[in-house]
Amino acid sequence: MDNNSKWNSAILGGVVIGVVSGVPILNFINCACCAGVIGGGMFTIYLYRRQQAPEDTVNMSDGALLGFLAGVIGAVIAIVLTSITGSLSVNFLDFVSQYISDPDIQSIFDEIPARTLTGGTFIIGLFINLIINSIFGLVGGILGVALFGKARMV
């Protein structure tokens, strides 16, 4: 078991998780029980398995570890992408709020930009992403072992 191939797989899986979680509109995939994060964990195992000999197998502990690492890497990438694209989201909400005539809803839209641009939101978002992505990445890694971890027929 090569540690370099483990890290390469975890980093690439983390990039998938980060992009799916951090890009606006694409992040709606995670509304289906964190499907993007679980898929990224499974993709990590798929990549790792492709770097092994056909007769080798991947055990559950390796799958859990690789999925967990991919989730942590993905959480960091997602929060960076979210902070970069956050201004686009705020501009979109400003555009939408121009067409709302209800004063109660309008006041909610007026408060959103002030809340999204604080440093505390970045830290809290990172903490929440670390917890959620690491757990669901781990689940994806275990599912990936169940699907891709067996020895291949040569």
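Buried, in these notes, means under 20% relative accessible area. I am working from a predicted model, so I keep that in mind throughout.

**Entry 1: Thr-44.** I looked up Thr-44 first and found its place in helix 2, which spans residues 35–50. Its relative accessibility is 0%, so I noted Thr-44 as buried. Who surrounds Thr-44, once neighbours within four places in sequence are left aside? I listed contacts with Ser-9, Ala-10 and Gly-13, and also with Leu-66 and Ala-70.

**Entry 2: Ile-45.** Next I moved along to Ile-45, whose place is also in helix 2. Is Ile-45 buried or exposed? I wrote down buried, because its relative accessible area is 0%. Setting aside residues up to four places away in sequence, I saw Ile-45 touch Gly-63 and Leu-66, along with Gly-141, Gly-144, Val-145 and Phe-148.

**Entry 3: the core.** Then I asked which residues make up the largest nonpolar core. I counted seven: Ala-10, Ile-45, Tyr-48, Val-58, Leu-66, Ile-73 and Val-145. Helix 2 and helix 3 (60–97) each give at least two residues to this core. Two of its members, Leu-66 and Val-145, are familiar to me from the contacts of Ile-45. Leu-66 and Ala-10 had also turned up in my list for Thr-44.

**Entry 4: a distance.** Last, I checked Ile-45 against Ala-10, both of them in the core. They sit 35 residues apart in sequence, and I read 8.3 Å between their C-alpha atoms.

How values were computed: Residues are numbered from 1 along each chain as its sequence is written. This is a predicted model: local features need pLDDT of at least 70, side-chain atom pairs count only at pLDDT 80 or more; totals for chains, interfaces and linings use all residues. Side-chain values use heavy atoms; hydrogens and water are left out. Helices (H or I, at least four residues) and strands (E, at least two) are DSSP runs, numbered from the N terminus. Buried means under 20% relative accessible area, exposed over 50%, partly exposed in between (1.4 Å probe, protein chains only). Contact means heavy atoms within 4.5 Å. A nonpolar core is a set of buried Ala, Val, Leu, Ile, Met, Phe, Trp, Tyr and Cys residues joined through side-chain atoms within 4.5 Å.
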